[in-house]
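Please examine the structure shown below together with its sequence. The paragraphs that follow lead from the ligand outward to the strands and the salt bridges.

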Amino acid sequence: MVDVNQIYDKIPEYDHNLPDYDEYYNKLIIGISLLLIIPSLYYLYRNSAYLLDVTPKETVITVEKEFSTNENDVFPEISSCGGFIPYLRKLHEDQGDLVSSKLPYPNTISVVDPMIMKATLQIGDRPINLFKFLEPFLGNDNLQIHDSKRAAKFRKLVGSSFGHDVLVAKYPILRDIVVEFIEKWENMVMKDKNTVFKMQEQCLEFSLRTTLNVVISIDEKNLDVNTYKKSYDAVLIGLFDKQFGKLDTLREEEFQEGINFMKSLTCKLIDQRRKELNKTNSEGETKVKDLFDILVSENDPHTGKPFTDEAITNYISGYIMAGYHTTGVAIPYTLFALSQNHDVQVKLHEEIDKTLEGRLPTFDDLSNMEYLTQVVKESLRVHPPGSFFARLLKSETILPTMSESKDLRIQADTTILYPIPLYHENPKFFPQPEKFDPTRFSQDKIKDIEPNTYCPFGSGARICPAERFSLMDIKMVVCLILQKFNVELAMKPEDLIKEERFANMPKNDVLIKLELRS
Ligand code: HEM
C-alpha cells in the first residue's frame with residue numbers, strides 16, 4: 001500500500017534561490033503578444049481607409065417612433081396623386097432616397113437604396129397590419145404574415161412544388177392551354193382581321209388556368225373556370241376596396257359569395273385529393289408532388305401535425321391569389337411594350353423563327369431563347385405588376401446606406417417599404433429608364449446592373465417563390481403569340497393608365513390587334 005505521508009516527506013522544501021518560473025512565463029507571454037500586436041497595428045495603419053468604411057459614419061439618422069401624419073390628410077392626397085406609388089414618387093422627390101414623413105402608416109419608412117435592401121435580405125418578417133386586409137379571405141394566420149422562422153420552415157417544405165421537376169412535368173399541359181388560346185384567337189382573326197382583343201381580360205383567364213394547374217393540378221372538366229374567375233375577381237377587387245371602405249352592399253355580397261364558393265370548392269377538392277393520394281401510395285406509384293399534394297400529405301412544420309383543412313384552404317387561396325393577377329397583367333404589358341418597340345418585335349420574331357422553325361417550343365427552348373428572356377425581364381422592369389414589398393425590423397438596427405456619410409439607425413418595430421417601380425425607374429440604376437431596352441439583361445451587360453435594384457419579385461428571404469414558373473408562363477405565351485402574329489396596339493399609348501389594385505392593373509385594359517404573319 002502507498003503511504004501518502006511518505007510521499008509528502010519526499011517533496012523538497014520550496015527553495016527561494018531557484019529561478020522564478022512565473023517571471024519567465026510572464027516575459028514570454030509579453031514577448032509573444034508584442035510579436036502579434038506590432039504587425040496587427042501595422043496592418044490596421046495600412047488598411048485604415050478600408051476600415052473607415054465599416055466603422056459607424058458621422059451622420060446617423062434616427063427614425064422617430066411616431067411620425068405618421070393624420071390619415072385624413074394623407075388619403076385624399078394619395079388619391080389626388082393617382083395612387084400610392086405616384087404619391088410615394090412625389091415624397092421621394094421631396095425627401096430623397098429615404099422617406100420618413102407623410103406616410104400613411106405608423107413607424108414606416110420607404111427606401112430606394114440598394115445598400116439598405118442588401119443589408120435587409122435576411123429579414124423575413126412582414127408588418128402584420130399592412131396585410132390585415134387579406135384576413136377576410138386568407139384568415140388571420142396566413143403565409144403573408146407568418147414570422148420569418150415559420151415562413152422559412154413552410155417555404156422549405158413546399159419549395160419543390162415550383163421546382164424544375166414539377167415545371168417540366170406540367171409543361172405539356174400548360175402549353176396545351178396556350179395553344180387553345182392561340183387557336184381561338186387565330187379563328188377570330190380569320191373571321192375578322194380587325195378584331196380588337198382585350199388582352200388583360202384574356203390573359204387573366206389564361207393565368208388563372210395555368211396557376212390552378214401548377215398549384216392544385218385541377219382537372220378542368222370538374223371546374224367551371226368562368227364562375228371560378230368571377231368569384232376570384234370579386235374577392236380580389238373586394239379585398240382591396242374594402243380596406244378603404246369603398247365596397248357597397250351589392251359588391252360586399254358578391255365578395256362574401258365569392259369567398260364561400262371558393263372555400264367550399266377547395267374543401268371538396270381536399271377530400272378528393274386525399275383519396276387519390278392514398279390510391280397512388282397503395283399502388284406504389286411515384287408522382288411529382290404539387291403544392292396541394294404536399295399540404296394534404298405532410299405535417300405542418302409549425303405544429304408537427306397534419307395541416308388542418310382550414311390551413312390548406314388558406315394556403316391554396318393565398319398562392320392562387322398571389323399568382324393570378326400578377327402573371328395575368330405581366331403578359332398584356334409585355335405585348336404593349338412590343339407594340340411600341342417595332343425593332344424589338346422584329347428581333348424577337350427572328351429568334352423565335354430561327355429556334356423553332358415552325359414547331360412548338362419545348363421547355364428547354366424557352367430557357368435557351370435569350371432575347372425572349374431579356375424582353376420579359378425588361379417588361380417586368382418597366383411595368384412591374386407589384387407596387388412594393390415590405391419588411392418589419394423587430395429590433396433596433398443600424399443599416400448602411402448609399403450615401404458615403406450616412407448610416408441609418410432604425411428603431412425597433414419599424415416597417416421598411418421598398419417601392420418596386422421607383423427602383424426600376426431610377427436613372428442611377430437603369431440609365432435612360434424610360435427606354436425599353438431588353439439588352440440591359442444580355443449576358444455582357446447584365447453585370448452593369450447594380451445588385452438589389454431589379455426586384456419585380458421582391459427580394460431576399462421572402463422573395464416570390466414562383467419566379468421561375470411565372471417567367472416560364474409569360475415567355476410561353478409571348479413566344480406562341482409572336483410565332484403566329486404581329487402585335488399592334490389598338491388604343492392610344494397614353495391611355496395605358498395603371499390602377500393600383502392587388503396588382504398594378506391597366507385601367508382601360510390593353511387593346512391589341514393581332515395580325516396573322518405570312
Ligand atoms: C409576374 C408574376 C409575379 C410577380 C411579379 C410576383 C411578385 C411577387 C412579390 C413582389 C412578392 C413579395 C415578395 C417579397 O416580399 O419579397 C411575391 C410573393 C409571393 N408570390 Fe409572387 N409574383 C408573381 C407570380 C406568382 C405566382 C405565379 C405565384 C404562385 C402560383 C406566386 C406566389 C407568391 C407567394 C406565395 C408569395 C408570398 C411568399 C412569402 O410570403 O414568403 N407569385 N410575389
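Which of the 28 residues around the ligand come nearest? In this predicted model, they are Arg 126, Arg 155, Arg 391, Arg 462 and Cys 464. Cys 464 deserves attention for its link to the metal: its SG atom is the single donor that the protein gives to the iron atom of the ligand, at 2.4 Å. As for its place in the fold, Cys 464 is found in the loop between helix H18 (420-424) and helix H19 (467-484).

Polar contacts also connect the protein and the ligand. Arg 155 places a polar side-chain atom 2.7 Å from an oxygen atom of the ligand. For Arg 462, a polar side-chain atom lies 2.8 Å from an oxygen atom of the ligand. Ser 459 takes part through its backbone, where a polar atom is 3.1 Å from a ligand oxygen atom. The elements that give two or more residues to the shell around the ligand are helix H10 (199-216), helix H14 (309-340), strand E5 and helix H19. H14 supplies the largest share of this shell, with 5 residues. Sorted by class, the shell around the ligand has 16 nonpolar, 8 polar and 4 charged residues.

Strand E5, named above as part of the shell, also leads into a sheet. An open sheet of 4 strands runs in the order E2-E3-E8-E5, and its pairing is mixed. Its edge strands are E2 (98-99) and E5 (388-393), each of which pairs on one side only. Where does the mixed character of the pairing appear? Strand E3 (residues 108-111) and strand E8 (residues 414-419) run parallel and are joined by 3 bridges, whereas E5 and E8 pair in the antiparallel sense over 6 bridges. Individual residues mark the register of these pairs. Thr 108 stands opposite Thr 415 in E8, and Phe 388 has Pro 419 in E8 as its bridge partner. Although E5 is an edge strand, E5 is mostly covered, with 5 of its 6 residues buried.

A further strand pair lies later in the sequence. Strand E9 (residues 485-489) is joined to strand E12 (residues 511-516) by 5 bridges, and the two run antiparallel. Within this pair, Val 487 has Leu 514 in E12 as its bridge partner. Which residues of E9 form its covered face, and which its uncovered one? Phe 485, Val 487 and Leu 489 make up the covered face, while Asn 486 and Glu 488 make up the uncovered one. The reason for such a pattern is that in a regular strand the side chains alternate between the two faces of the sheet.

Attention now turns to charged side chains. By the rule applied here, the count comes to 23 salt bridges. One of the salt bridges joins Glu 276 and Arg 273, with an N to O distance of 3.5 Å. Why are these two residues separated by about one helical turn? Glu 276 and Arg 273 are separated in this way because they are 3 residues apart in helix H12 (residues 249-282). Their surroundings can be compared through relative accessible area: Glu 276 is partly exposed at 38%, whereas Arg 273 is buried at 7%.

Another salt bridge links the side chains of Arg 359 and Asp 365, at 2.6 Å from N to O. Arg 359 counts as partly exposed, with a relative accessibility of 38%, while Asp 365 counts as buried at 8%. Arg 501 and Glu 499 also form a salt bridge, their closest N and O atoms being 3.8 Å apart. In this pair Arg 501 is buried at 16% relative accessibility, and Glu 499 is partly exposed at 28%. Both residues belong to a network of salt bridges that links Asp 241, Arg 251, Glu 499 and Arg 501.

The path ends in helix H12, where Glu 257 lies. Is Glu 257 buried or exposed? Glu 257 counts as exposed because its relative accessibility is 53%, and the cut-off for exposed is over 50%. Glu 257 and Ala 234 are 23 residues apart in sequence, and their C-alpha atoms are 8.9 Å apart in space.

How values were computed:
Residues are numbered from 1 along each chain as its sequence is written. This is a predicted model: local features need pLDDT of at least 70, side-chain atom pairs count only at pLDDT 80 or more; totals for chains, interfaces and linings use all residues. Side-chain values use heavy atoms; hydrogens and water are left out. Donors are N, O and S atoms within 2.8 Å of the metal (3.2 Å for Na, K and Ca); water is not among the atoms, so sites may look incomplete. Two strands pair if DSSP finds at least two bridges between them. A residue is near a molecule or strand if one of its heavy atoms lies within 4 Å of it. A polar contact is a pair of N or O atoms within 3.5 Å; within protein, one must be able to donate a hydrogen and the other to accept it, and residues adjacent in sequence count only if both atoms are side-chain atoms. Ala, Val, Leu, Ile, Met, Phe, Trp, Tyr, Cys and Pro count as nonpolar, Asp, Glu, Lys and Arg as charged, and the others, Gly among them, as polar. A salt bridge is a side-chain nitrogen of Lys or Arg within 4 Å of a carboxyl oxygen of Asp or Glu. Buried means under 20% relative accessible area, exposed over 50%, partly exposed in between (1.4 Å probe, protein chains only).
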